[in-house]
Amino acid sequence: MERTKENKMGVMPVNKLLVTMSLPIVISMLIQAMYNLVDSVFVAQINPDALTAVGMAFPMQSLMIAFQTGLGVGMNALVSRYLGQKKPYEAGLAATHALILTALNYVLFLIVGLTAIPAFFSIQTHSEIIAGYGVEYLSIVCCGSLGLFFQIYGERILQATGKTLLSMVSQILGAVINIVLDPVFIFGVDFLGIPAMGVTGAAIATVTGQIIAAAVGFLLHHFHNKELRLVFRKFRLNLGTIKTIYAVGIPSIIMSALVSVLTFGMNIILKAYEPAAATVFGVYFKLQSFVYMPVFGMNNGIVPIIAYNYGAGKPKRITDTLKLGVICSVVIMIIGLLLFQLIPAQLLGMFAPTDDMIRLGETALRIFSVSFVFAGVSIVLSSGFQALGNGFYSMIVFIVRLIVPTLPFACLFGIIGGVDCIWWSLPVSDLLGLIVAILLMRRIYKNVISKMYDKQDKSSAQVQQA
């Protein structure tokens with residue numbers, strides 16, 4: 001019975017497997033997106049400056065997530081490959097190395113939280129009020145990010161062995177706790193003696209939810225993840241293992257960090273135009289997470305499936321997984337496109353918008369959503385690159401999508417047509433990213449997957465001759 005569970009990524013029908021692996025992650029990431037949205041909705045009730053400040057904090061929060069999810073991608077690819085090769089001890093060593101690297105990630109951002117936050121906001125805004133709110137919020141989030149880093153680690157170590165339902169439990173619990181505590185800490189509860197703490201309360205609610213989710217994730221791993229055990233006895237750091245993890249992880253970190261660079265750069269560009277423009281851009285990133293999170297959640301299921309079958313030498317399951325992932329991604333993105341095109345005012349209405357926000361935001365949401373389908377396909381193909389051990393290709397696609405030429409186009413379009421024209425920089429870049437992703441997938445199919453088919457055909461022929 002235990003063996004069947006261990007091998008489900010290699011034997012279960014791909015359609016069922018992708019649903020089994022991805023659906024719990026998709027649900028948990030949607031809950032995650034909802035709590036990010038609710039966080040901003042509550043903060044918007046304080047005043048527009050507080051909402052703008054929390055939006056400007058997003059690049060740093062995204063950078064923290066980038067460091068840890070990149071590490072998680074590298075760990076999962078290596079762990080799943082070892083499990084596919086029937087090497088559980090080596091898989092445990094890889095997971096233990098990732099645990100130590102997680103602790104180092106926290107130390108890095110603790111230092112950032114103690115030293116760099118005021119400068120981070122002074123670059124993005126001329127308003128002392130917005131900067132004050134931002135420093136108040138982000139200092140707590142960075143210094144308390146221990147929960148964030150270990151929460152993501154706990155989720156990924158469960159996902160690596162196909163325990164996606166358990167990873168969903170920890171993530172949903174953290175999100176629900178955050179949602180419940182947000183209004184309590186932001187606005188206060190008199191009969192409980194809890195004062196109104198504003199943006200500080202929002203930060204405390206976020207950190208509290210993450211710490212509890214991290215604890216639950218580790219407990220679930222300890223009691224239910226029997227096929228992957230951490231190795232502490234006579235453990236020694238192995239630079240080769242770290243290098244292997246980051247061979248896939250660093251490109252993923254860079255890719256995710258590009259989101260931080262994009263939002264940080266756009267905030268700098270937009271501050272030269274209307275004050276509400278940066279607020280609209282921040283709100284867009286909260287709303288678009290409901291569209292992108294299901295695709296990212298599906299990718300978290302795709303990576304271990306492809307990595308496992310890569311290690312097991314099963315090319316058809318790799319191609320079937322990629323094809324199904326692309327189809328599901330396109331469907332999700334079309335739904336998001338329709339929502340952003342048809343009801344942009346209603347979506348913006350959740351954030352107590354000013355008239356300027358509505359005016360700018362309706363146009364922005366409609367233009368931004370043009371890029372959804374392009375981005376969705378690129379993201380799925382990039383997950384294939386990562387799982388096959390070629391994270392560099394994923395990095396190339398994301399660089400094209402999010403930096404070259406997005407920010408230069410934003411500057412150029414702003415000069416040509418003002419702030420409304422700036423929004424077109426994202427769809428143009430996502431289209432270019434899709435073209436690059438398709439070309440690179442054709443290359444990796446020829447150099448990697450087709451050779452696996454050839455090897456499989458030769459083995460079958462030898463068996464038949466015998």
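A cavity, for my purposes here, is a set of grid points where a 1.4 Å probe fits but cannot get out. I'm working from a predicted model, so everything below is computed from it.

**Entry 1: enclosed space**

I looked for cavities and got four of 30 Å³ or more. I opened up the second largest, with a volume of about 60 Å³. Which helix gives the most to its lining? Helix 12 does, with five residues. I noted that helix 12 spans 275-312, and that helix 4 (48-84) also supplies at least two lining residues. The full lining of this cavity reads S40, L51, T52, G55, M56, A278, T279, G282, V283, K286 and F351. Sorted by class, I have five nonpolar, five polar and one charged.

**Entry 2: largest pocket**

Next I went to the open space. The largest pocket holds about 300 Å³. I found 20 residues lining this pocket, and T52, I130, P275, A276 and T279 are the closest to its centre. T52 and T279 I had already written down for the second largest cavity. Helix 4 and helix 12 turn up again, each with at least two residues in the pocket lining, and helix 15 (355-368) does likewise. By class I get nine nonpolar, seven polar and four charged residues for the largest pocket.

**Entry 3: second largest pocket**

I then checked the second largest pocket, at about 220 Å³. Its lining has 10 residues; K8, G162, K163, T164 and L165 sit closest to the centre. Helix 9 (residues 164-187) gives the most here, with three residues. The class split I noted is two nonpolar, four polar and four charged.

**Entry 4: helix 3 against helix 13**

Last, a helix pair. How do helix 3 and helix 13 lie relative to each other? I looked up the axes of helix 3 (residues 14-44) and helix 13 (residues 315-342): they come within 10 Å and cross at roughly 60°. An angle from 65 to 115 degrees would count as roughly perpendicular and one under 35 as roughly parallel, so I put helix 3 and helix 13 down as oblique to each other. Their crossing is right-handed. From helix 3, V14, N15, L17 and L18 make the contact, meeting R317, D320, T321, L324 and G325 of helix 13. I sorted the residues of this contact as four nonpolar, three polar and two charged.

Conventions: Residues numbered from 1 in each chain as written. Predicted model: local features only at pLDDT ≥ 70, side-chain atom pairs only at ≥ 80, totals over all residues. Heavy atoms only, no water. Axes fitted to C-alpha atoms, helices over the stretch in contact; angles between N-to-C directions. Helix = DSSP H or I, 4+ residues; strand = E, 2+ residues; numbered from the N terminus. Parallel < 35°, antiparallel > 145°, perpendicular 65-115°, else oblique. Left-handed = near helix turned anticlockwise from the far one by under 90°. Contact = heavy atoms within 4.5 Å. Nonpolar A, V, L, I, M, F, W, Y, C, P; charged D, E, K, R; others polar. 1 Å grid on protein atoms, 1.4 Å probe; cavity = no way out; pocket = protein on both sides within 12 Å on 5 of 7 lines; lining within 4 Å. Points joined across faces, edges and corners; volume = space filled by probe spheres on them.
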